Each structure stands twice: as C-alpha cells, then as structure tokens.
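Grab a pencil and open the viewer. Here are some exercises, each with a solution you can follow step by step.

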Amino acid sequence: MMRAYPRIAIAGFQHETNCFGTTKAGLTEFEMADSWPAMLQGEEVITETRGMNLPIAGFANAAKEAGMELVPILWCAAEPSAHVTDHAFDAICGKILDGLGAAWPVDGIFLDLHGAMVTESHADGEGELLRRLRAWAGPELPILVSLDLHANISEDLVDLADYIAIYRTYPHLDMAETGERCVPVLQHLLAGERLHKVFRQMDYLIPLHAQYTSATPGRDLYAVLPRLEEAGVLADIALGFTAADLPDTRPSCVAYARTAVAAAQAADHIASLFARLEAQSAHPMLSPEQAAKIACQPRAAMPVVLADVQDNPGAGGTSDTTGLLAALADAGAQNVLMGLFHDPETAAAARKAGQGGLFRTALGGRSGVAGDKPFEANFEVLALGDGICRYSGEMYGGGVAALGPTAALRLTGAEADISLVVTSIRNQCLDLAHFTHIGLKPETFDTICVKSTAHFRAAFEPIASAVYPVAAPGVFPCDLGRFPYKNLHPDVRTAPAKG
C-alpha cells in the first residue's frame, strides 16, 4: 500500500561526452564548480539548486507542492569533455547507490541526467547507471529520468526507465520545466496506472548549430508535441549529440500513452516529420575570413554576433582556438569583443602585469587542432577579476559561474581593435554576464564573438543586428563530414539525403 506522502529519492549526474575531445572528466571535474555548482550531497541538492533552471530544481519544487517527501542524494555535473573516467563513474554511481541504501524504503526515483555520457568502459553511461539501479531496486520501483535535448538515447535506457522527459528548447530555457513535467507522470505511476512506451531512432544527424529550436527543423519538430499531448500522448524528442561516435548517436523520440497503439502512432508521426524535414537540417556557416569581412563593414544599429561554433566548451571544445581571432586581426577589424578564451597561463601573466599593464603572450592555440596555433601579440590589461560570475540571462539565471582568475585584455600595437576575456576554467560564453562581470559592455561593441554554438542566442540575440555561425578550427566540427566516425550505425547519414 502506497504511503499517503510517498518518499521519492532524487539525484543528478550530468556529462555530455565529446568522443573526439582532448581531456577526460575525472572525479575532480565533477566535484568542482564551473558552469554549474560543485558536487552537492544531501539537503544541499535542494537548497543549492532552488530557483535555478535545472531539472532537479523543477522536480523538487513541483514534487513538494504535490505532497511528496523528497530524499535528496547527490547532484553533480562536469564541463563537457572527452570520456568520463571509470574511476569517476564508479565513484559517483556508488555514492548514488549508497544514498539509496541509506534512504530505503523509497517509492520512486527521479534522476536528472544528460543522455550523452560516454565513459572509458561504457558507451551508454546513463544506461549503465540505470542497469545498476534496477539491479538494486528491482523492476517495479518507478524510475523517472530527465534528459538533455542533445541526448543520444539507447533502447536499453528507454526499457530501464519508466518515463523519460526531454528538454524542448535550444537554448535550454525549459530545464526546470522538464523536471516539473515528471511529477504528474510519477503520480500516475504511483496510483498503479500503466503507460505504454514506444521508441524510434532516426537515420540522419543534425549539426548542433542547426538544432536551434527557433528555426527549422527544430521549430517544426517541437511544435507537434503539445498537439500530441492534447490527444493524450506524452512524447518527447532528442536531437542527438553529434560528437559522440556510437551506434546510438542520432535523433530519436519517445512516446507514452494509455494504449500501445496510440504511442506507436505518435512515434511514427514524429519519425515521418523528421523524414520530411531532413533537407532543412543543413545550415551554412561562414569561414573566418568571411566573418572578418562582415566585422569590417560599417556598424549597424546593434552589434553583429559571430559564433565560434566549433570551439564551444559546452560541447567539449577547448575554448582556446584562435582561428577567428587571427582572421579579425589580419583584417584590421575595429571595436570587437571576444570570449571566452580558456588560457590559465595568459590569465596569470595578465595578473602579474597588473591592471593597465602591458605584456606579450602567445594566447591559446594549445588544443592541437589542425590549422590552429597560438596567437602571439601584445596586450593591455583592461581589468582583472576572480571569475565569480553571476548569470543574468534566462537560461542560467540564478546560478553562479566559476571562471577562475580572469582578465579582460585589449590587443595593442596592431591595426585591429580587439578586446577579449581570458579565463582559467573553461566556460561556454552564453550570458552577457561573462563580459559585464569584469566591466565590459557588450552592446557598445560593433562585433561580439562568442565561443558557443547556440546557447548564447537567448542572451545575445536581443542586442544583435545579426547572428552568424563561423566554422573556425575546433575539436567540435559542425561540418559532420570532418568527424572521423568509426562506430555510427551504418544506416545513419552525416549529411542530408539529396531529394
């Protein structure tokens, strides 16, 4: 008999794995603060995420309002990178299982996961975590999962979870809302009701910069989900994370309904929509030289934003490539703002020079990417900071980024006028606060360059006259033909089929 106030264990374990990345995620990377808080345990899981745009925060708030007793165990995330080490994965899984053991008995589990975690030993990190939980908890305990829009979902994960909810926006403005959506489903399951589930995988990849959900094809795909819900079907779509080299790397959908027929019809409808939209999944990018020409044109009413989409640390990029910077400098571009460059050595040199000081350095270019190299130049130190950056935008609002010792620099002794922000901890440039926290005003520049693929759009589009994705060298190619895939499913296309 179910308790009047069901006890629900909650935990989170997030990583988006770039199989072509250069550094792995060890336990230290999950314990430290970066874009998100440091590892949280016990009541900290609730108190330190309250009000944040995170699935676990949204679930916790809605579950408490529904009269559930929450048992918080652990929440952690590491900046996207190459594989999660076995040591880190086993340690964190162990902490979650130990927490469940201490909390037992519970009536259900909610997990805030990503869906694109690859470990040294497990191609499907989330699936392996669910296997361990099921082996411990048994087949009957309801387990609900939230996933990132960029998840690469396996059939095993769908089988092991009773319900999967997935973000529906990119930039991810609905992360907390996704957690909230799990609560009424959990109530349904706790009441003894059943949901039939159907899973479909698609046969082509969509480049990450083309997954922006305010444009086709994403806009058209996600528009169908509310209509299905009105018809009694709970369905969600994952667009996939293309930097994983796995058979499950691809878009997919899940559908849940009271009947197997209704769930299958909804999933088939979504799959047919994917097929119709395939030709619209290719979005062009500028070369660095083309972007530099745009930056040299007379200023519009608002800045032009150039997105260095292939050096996005939020997709496992090194955030230190210099291809776009070199092109802008060679073209003599004026009044340019760039960020964020991850270069602890340059940040330390700037601190040694002091505010207002001049120094020469070889900035970035240490990733080993073909065609990239350090940018050697003279710089003036505009400002120094401790890297504590409180987000101001809609996506991460309420959170605090840890950037490490940070410097705002300005190129000197050159025809170009370029200012940039250098950090000691990798962080995706997706919030105006990444510049304003150190005294820079993005809206006063003619051109703003961000190392991000699409998350920047929520904060920067409102102040931009135009936005252009730029294909400078990086470890996250958006031209999918440049990925040396070895393990994709043979039916999956890396470029749209010609009609």
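The exercises below start with the whole chain and then go to single residues; keep in mind that this is a predicted model.

**Exercise 1.** Work out whether the radius of gyration of the chain agrees with that of a compact globule.

*Solution.*
- Step 1: start with the length, which is 499 residues.
- Step 2: a compact globule with that many residues would have a radius of gyration near 23 Å.
- Step 3: the chain has 23 Å, so the two agree.
- Step 4: for another view, look at the box filled by the C-alpha atoms, roughly 75 × 55 × 40 Å along the principal axes.
- Step 5: add the burial, with buried residues making up 62% of the chain.

**Exercise 2.** Find out what share of the contacts between residues at least 6 apart in sequence join residues at least 24 apart.

*Solution.*
- Step 1: get your bearings with the 14 helices and 19 strands of the chain.
- Step 2: take the contacts between residues at least 6 apart in sequence; 75% of these join residues at least 24 apart.
- Step 3: try it on Thr17, which sits in the loop between strand S1 (7-14) and helix H1 (27-31). Among its contacts are Ser81, Val118 and Phe241.

**Exercise 3.** Decide whether Thr17 is buried or exposed, and find the backbone nitrogen that lies 2.9 Å from a polar atom of its side chain.

*Solution.*
- Step 1: Thr17 has a relative accessible area of 0%.
- Step 2: buried means under 20%, so Thr17 is buried.
- Step 3: now follow the side chain of Thr17; one of its polar atoms lies 2.9 Å from the backbone nitrogen of Val118.

**Exercise 4.** Place His172 in the fold and find a side chain with which its own side chain makes a polar contact.

*Solution.*
- Step 1: look in the loop between strand S6 (163-166) and helix H7 (175-190), and there's His172.
- Step 2: its relative accessibility is 2%, so His172 counts as buried.
- Step 3: the side chain of His172 makes a polar contact with the side chain of His150, at 3.5 Å.
- Step 4: widen the view beyond the neighbours within four places in sequence, and you'll meet contacts of His172 including Asn53, Asp148, Met395 and His455.

**Exercise 5.** Classify Gly397 by its relative accessible area.

*Solution.*
- Step 1: Gly397 is in the loop between strand S14 (388-390) and strand S15 (400-402).
- Step 2: partly exposed covers the range between 20% and 50%. Gly397 has 23%, so it's partly exposed.
- Step 3: leaving out residues up to four places away, Gly397 touches Gly51, Met52, Asn53 and Tyr391.

**Exercise 6.** Look at the loop between S10 and H11, and say which residue there has a phi near 60 degrees.

*Solution.*
- Step 1: pick out Ser319, which lies in this loop.
- Step 2: phi of Ser319 is near 60 degrees, a positive value in a residue other than glycine.
- Step 3: Ser319 has 1% relative accessibility, so it counts as buried.
- Step 4: Pro313 is in this loop too, and Ser319 is one of the residues it touches. Pro313 is buried, at 0%.

**Exercise 7.** Spot which residues are joined by a cis peptide bond with omega about 10 degrees, and which by one with omega about -5 degrees.

*Solution.*
- Step 1: about 10 degrees belongs to the bond joining Thr216 and Pro217. Pro217 is in the loop between strand S7 (196-201) and helix H8 (218-230).
- Step 2: about -5 degrees belongs to the bond joining Gly339 and Leu340. Leu340 is part of strand S11 (residues 336-342).

Notes. Residues are numbered from 1 along each chain as its sequence is written. This is a predicted model: local features need pLDDT of at least 70, side-chain atom pairs count only at pLDDT 80 or more; totals for chains, interfaces and linings use all residues. Side-chain values use heavy atoms; hydrogens and water are left out. Helices (H or I, at least four residues) and strands (E, at least two) are DSSP runs, numbered from the N terminus. Buried means under 20% relative accessible area, exposed over 50%, partly exposed in between (1.4 Å probe, protein chains only). A polar contact is a pair of N or O atoms within 3.5 Å; within protein, one must be able to donate a hydrogen and the other to accept it, and residues adjacent in sequence count only if both atoms are side-chain atoms. Contact means heavy atoms within 4.5 Å. The radius of gyration is taken over C-alpha atoms; the globule rule is 2.2 Å times the number of residues to the power 0.38.
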